[in-house]
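Thanks for sending this one over for a look. My comments are below as numbered points, in the order in which I would walk through them with you on screen.

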Amino acid sequence: QVQLVESGGGLVQAGGSLRLSCAASGSILGINNMHWYRQAPGKQRELVALITSGGGTTYANSVKGRFTISRDNAKNTVYLEMKSLKPEDTAVYYCNAVVDGRPLRVGVNWGQGTQVTVSS
């Protein structure tokens with residue numbers, strides 16, 4: 001079974017930075033798109049950033065210019081560099097990946113994720 005594990009979250013003051021990592025383990029020949037999502041209390045999960053197998057990126061308007069998504073294909077890992085963090089960035093962050101056109105995580109429960117808390 002392929003597993004995704006997020007790490008790197010924590011508590012940071014407004015204006016600070018964090019770097020999140022998501023490592024895929026198991027038997028994987030290749031990964032197409034990789035994504036970062038987040039879910040704040042009382043809100044639905046939203047797409048934060050996406051990176052394709054070719055390196056193309058897409059960002060939510062709320063994080064453009066502050067967040068950078070990247071990937072290391074040799075390690076089957078996707079990263080999210082977060083700068084100039086704001087209190088509204090506080091959320092549980094999740095990753096996902098698409099392999100052969102199929103997302104690894106589906107449905108409502110995406111596991112534990114990694115908590116990012118930004119204090120004002």
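1. Strand 9 pairs with strand 10 (residues 102-103) in the antiparallel sense through 2 bridges. In this pairing, valine 99 has arginine 102 of strand 10 as its bridge partner. The hairpin formed by strand 9 and strand 10 has 2 residues between the strands, and aspartate 100 shows a positive phi near 55° there. Please keep in mind throughout that this is a predicted model.

2. Strand 9 has further partners. An antiparallel pairing with strand 11 rests on 3 bridges, and here tyrosine 93 faces threonine 114 of strand 11. Strand 9 also runs antiparallel to strand 4, with 6 bridges between them. Two of the residue pairs there are tyrosine 37 with tyrosine 94 and tryptophan 36 with cysteine 95. Of the 9 residues of strand 9, 8 are buried, so the strand is largely enclosed by the rest of the structure.

3. Strand 4 gives a similar reading: 5 of its 6 residues are buried, so this strand too is largely enclosed by the rest of the structure. Besides strand 9, strand 4 is joined to strand 5 by 5 bridges, again antiparallel. Tyrosine 37 sits opposite leucine 47 of strand 5, and its bridge partner in strand 9 is tyrosine 94. The hairpin of strand 4 and strand 5 has 6 residues between the strands, and glycine 42 in the turn has a positive phi of about 75°.

4. Now for a separate sheet to look at. It is open, has 4 strands in the order 1-3-8-7, and is paired in the antiparallel sense. Strand 1 (3-7) and strand 7 are the edge strands with a single partner each, so each has one side without a neighbour in the sheet. On average, neighbouring strands in this sheet are turned by 15° against each other, ignoring direction. Strand 3 and strand 8 share 6 bridges and run antiparallel; leucine 18, for example, stands opposite methionine 82 in strand 8.

5. Which parts of the chain does the disulfide tie together? The search of the whole structure returns 1 disulfide, between cysteine 22 and cysteine 95, with an S to S distance of 1.7 Å. Cysteine 22 belongs to strand 3 and cysteine 95 to strand 9, so the pair links parts that are 73 residues apart in sequence. The torsion about the S-S bond is about 45°, so the disulfide is right-handed. Both cysteine 22 and cysteine 95 are buried.

6. The largest nonpolar core has 28 residues, and Trp36, Val48, Phe67, Val78, Leu80, Met82 and Tyr93 have the most contacts inside it. Elements that give two or more residues to this core include strand 3 (18-25), strand 4 (34-39), strand 5 (46-51) and strand 9 (91-99). Valine 48 is a handy residue to centre the view on: it lies in strand 5 and is buried at 1% relative accessibility. Beyond its neighbours within four places in sequence, valine 48 contacts residues including Trp36, Phe67, Leu80 and Tyr93.

7. Is aspartate 89 buried or exposed? Aspartate 89 has a relative accessible area of 1%, which means it is buried, and it is located in the loop between strand 8 and strand 9. Its side chain makes a polar contact of 2.8 Å with the side chain of arginine 66. Not counting residues up to four places away in sequence, aspartate 89 also touches, among others, Arg38, Phe67, Ser84 and Val118. From C-alpha to C-alpha, aspartate 89 and valine 48 are 10 Å apart, with 41 residues separating them in sequence.

8. A last point on backbone torsions. Most residues other than glycine have a negative phi. Asparagine 76 has a positive phi near 50° and lies in the loop between strand 7 and strand 8. Serine 84, which is not a glycine either, has a positive phi of about 50°. Serine 84 is in the loop between strand 8 and strand 9 and is partly exposed, at 42% relative accessible area.

How values were computed
Residues are numbered from 1 along each chain as its sequence is written. This is a predicted model: local features need pLDDT of at least 70, side-chain atom pairs count only at pLDDT 80 or more; totals for chains, interfaces and linings use all residues. Side-chain values use heavy atoms; hydrogens and water are left out. A nonpolar core is a set of buried Ala, Val, Leu, Ile, Met, Phe, Trp, Tyr and Cys residues joined through side-chain atoms within 4.5 Å. Buried means under 20% relative accessible area, exposed over 50%, partly exposed in between (1.4 Å probe, protein chains only). A disulfide is a pair of cysteine sulfur atoms within 2.5 Å. A polar contact is a pair of N or O atoms within 3.5 Å; within protein, one must be able to donate a hydrogen and the other to accept it, and residues adjacent in sequence count only if both atoms are side-chain atoms. Contact means heavy atoms within 4.5 Å. Two strands pair if DSSP finds at least two bridges between them. Axes are lines fitted to C-alpha atoms, for helices over the stretch in contact, and angles run from 0 to 180 degrees between N-to-C directions.
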